[in-house]
Amino acid sequence: MGDSRWSKIRLYVGAFCLAMLATIVLATTYKTVFEPQIVATTAVGAAAIATDGDSATATTNAAELPPAESPPVVENGFIYAADQSTPAFRPPERVALADPSNYGERFTVDANGNPLNQDYIAVLHETVWSADSAINTFQRHNPQDEDQSSYHTIIDRDGTVIYIVPPEKRAFGAGNSVFDGPNGPETALTNPNFPPSVNNFAYHISLVTPSDGQNNAPNHSGYTDTQYQSLAWLIAQTTIPEERIVTHAAVDRSETRQDPRSFNWPHFLEYLNQYPSRQA
């Protein structure tokens, strides 16, 4: 009887140790994949999330992101380890990965075989509904191209930064879209069955909408101060210049998107320009 009791105790202790080991391995894997590279729709309900249907397999040309201890690396104007000495702000963070059907590789050539080498842009969105509602949509397996959607990152009302799609992957955050930048119109046709979009060179960031914005009105009460701080912190991790930060409404060509509504550009830029990497 005593031997049986001790056998059970040893079994429980062994199972506990295995569970702890698995937790440590998973945490280490997350930090290896995400932490060094931390940078970064509106109709009602699910229609608030745009899709582009360009999820066909492709060869990636995304930048290899350096570990935190490496010197800054700039490739295609994307992510690097920015100087975070000012201001002393770090938002809460968590990971809620999208289903792999809702994102893909970044293409090196378009549907006609032409090279794709645009610098990155940051596209700002809003969720309309809650963060959990958006995450549930992105974690649903969607085999049909037209149903696929995602952002790279969501910023919740309390400022929590939620990582949805790894930044080197192509999120499906904008459908028919063009970026009108200093170099003229920029877009990429990656699936001949759908209009061209900016997804191949976009980093999609979505702000969680206030409760009074869960509708299709042209404006709402706006975003929290902490959301603006977290957004500035996130973009300060990148080399995406200010002139390549844009709203979903500005790149949309379907004439159906107006997000992020009630976005306070001066307030956001005030926070962004406090970072040494963003000062002239």
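Begin by selecting helix α2, residues 131-138, in this predicted model. Helix α2 lies across three strands, β1, β4 (153-155) and β5, and its direction makes about 165° with that of β4. Now add helix α5, residues 265-272, to the selection. Helix α5 packs on the sheet as well, where it touches β3 (121-126) and β10, running at about 155° to β10.

**The sheet**

Next, display the strands on which these helices rest. The sheet is open and has six strands, in the order β1-β5-β4-β9-β3-β10, with mixed pairing. Its edges are β1 (93-95) and β10 (245-247), each of which pairs on one side only. Stepping from one strand to its neighbour, one finds an average turn of 25°, direction ignored. As general background, strands of a sheet pair through backbone hydrogen bonds, in either the parallel or the antiparallel sense.

Start at the β1 edge. Strand β1 runs parallel to β5 (residues 161-163), and three bridges join the two. To see one such position, select V95 and Y163: Y163 in β5 is the bridge partner of V95.

**Strand β3**

Move across the sheet to β3. How many of the residues of β3 are buried? Six of the six are, so the strand is largely enclosed by the rest of the structure. Colour its two faces separately: I121, V123 and H125 lie on one side, A122, L124 and E126 on the other, and all of these residues are buried. The covering therefore applies to both faces of β3, since a residue counts as buried when its relative accessible area is under 20%.

Strand β3 has pairing partners in β9 and β10. With β9 it runs parallel, joined by six bridges, and within this pairing E126 stands opposite L207. With β10 the sense is again parallel, over three bridges. Select V123 and V246 to view a bridge pair between β3 and β10.

**Strand β9 and H204**

Remain with β9, residues 202-207, and select H204 within it. Is H204 buried or exposed? Its relative accessibility is 0%, so H204 counts as buried. Show side chains here and add N199: the side chains of H204 and N199 are joined by a polar contact of 2.7 Å.

**Helix α3**

Select residues 225-235, which form helix α3. Eight of its 11 residues are buried, so the helix is largely enclosed by the rest of the structure. The buried residues to highlight are Q227, Y228, S230, L231, A232, W233, L234 and I235.

**Salt bridges**

Now turn to charged side chains. Six salt bridges are found in the whole structure, and three of them are visited below.

Return to the β1 edge and select E93 together with R90. Their side chains meet in a salt bridge, with an N to O distance of 2.9 Å. E93 is partly exposed, with a relative accessible area of 26%, and R90 is also partly exposed, at 48% relative accessibility.

Select R94 and D132 next. The closest N and O atoms of this salt bridge are 3.6 Å apart. Because R94 lies in strand β1 and D132 in helix α2, the pair ties together parts that are 38 residues apart in sequence. This brings the tour back to the helix with which it began, α2, which lies across β1. R94 counts as partly exposed at 35% relative accessibility, as does D132 at 48%.

For the third pair, select D180 and R253, whose closest N and O atoms are 2.5 Å apart in a salt bridge. Which parts of the chain does this pair link? D180 is in strand β7 (residues 179-181), while R253 is in the loop between α4 (248-251) and α5, and the two are 73 residues apart. R253 counts as partly exposed, at 31% relative accessibility.

**Confidence**

Finally, colour the model by pLDDT. The protein averages a pLDDT of 79, and 69% of the residues score at least 70. Select residues 22-53, over which the pLDDT is below 50; this stretch has 104 contacts in the model beyond near neighbours in sequence. Then select residues 55-84, where the pLDDT is also below 50 and the corresponding number of contacts is 83. Where pLDDT is low, the predicted coordinates should not be read in detail.

Key. Residues are numbered from 1 along each chain as its sequence is written. This is a predicted model: local features need pLDDT of at least 70, side-chain atom pairs count only at pLDDT 80 or more; totals for chains, interfaces and linings use all residues. Side-chain values use heavy atoms; hydrogens and water are left out. pLDDT is the predictor's confidence in each residue, from 0 to 100. Contact means heavy atoms within 4.5 Å. Helices (H or I, at least four residues) and strands (E, at least two) are DSSP runs, numbered from the N terminus. Buried means under 20% relative accessible area, exposed over 50%, partly exposed in between (1.4 Å probe, protein chains only). A polar contact is a pair of N or O atoms within 3.5 Å; within protein, one must be able to donate a hydrogen and the other to accept it, and residues adjacent in sequence count only if both atoms are side-chain atoms. Two strands pair if DSSP finds at least two bridges between them. Axes are lines fitted to C-alpha atoms, for helices over the stretch in contact, and angles run from 0 to 180 degrees between N-to-C directions. A salt bridge is a side-chain nitrogen of Lys or Arg within 4 Å of a carboxyl oxygen of Asp or Glu.
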